Amino acid sequence: MNMIKRIAAMGLAISVLSGPLSTLAADKKADAKPYKLDKCIVTDEKLGEMGKPFAFEYQGQEVKLCCKDCKKDFDKNPDKYMKKLADAEKGAAPAKPAAPHDHSAGEHSH
Ligand SMILES: [Zn+2]
Ligand SMILES: [Zn+2]
């Protein structure tokens, strides 16, 4: 009787555990350039520390943000952040973060 529940729980656990690795197996993102930084391109915060990073694709480039809220900032000026990303990948001096970003605020789910 508990078999189905168990399988469902296992499936959940696997999908959580395989999170970062699953990008390797995902064929649908094969054309997108992988995001190489370990920090949010908007606020420079380390990814993963505040929960699962928010990942999306912009013009063939994978982008990862510390959370969904940063996507709003990204959308306001995507060119700026894409340039920042390109500079960061080249090892150029990082630009200053756009704005202070407080994760302790209640509006965050993490
Ligand atoms: Zn962020
Ligand atoms: Zn955030």
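This tour moves from the whole chain to its nonpolar core and then to one helix. The model is predicted: local features need pLDDT of at least 70, side-chain atom pairs count only at pLDDT 80 or more, and totals for chains, interfaces and linings use all residues. Residues are numbered from 1 along each chain as its sequence is written, and chains are lettered from A and ligands numbered from 1 in the order in which they are written.

Begin with the protein chain coloured by secondary structure: four helices and two strands appear, in the order α-α-β-β-α-α from the N terminus. Helices (H or I, at least four residues) and strands (E, at least two) are DSSP runs, numbered from the N terminus.

Next, select C40, I41, V42, L65, C66 and C70, which have the most contacts inside the largest nonpolar core, a set of 13 residues. Such a core consists of buried Ala, Val, Leu, Ile, Met, Phe, Trp, Tyr and Cys residues joined through C-beta atoms within 7 Å; buried means that 20 or more other C-beta atoms lie within 10 Å of a residue's own, exposed that 12 or fewer do, with C-beta atoms placed from the backbone. Two or more core residues come from each of β2 (61–65), α3 (68–76) and α4 (78–90).

Now isolate α4 and select Y81, K84 and L85, its buried residues. Viewed down the helix axis, they fall within an arc of 100° (taken from the directions from the axis to the C-beta atoms), so they line one face of α4. The face turned away from this buried side carries the exposed residues D79, K83, A86 and K90. Finally, select G91, just after α4, where phi is positive at about 85°.
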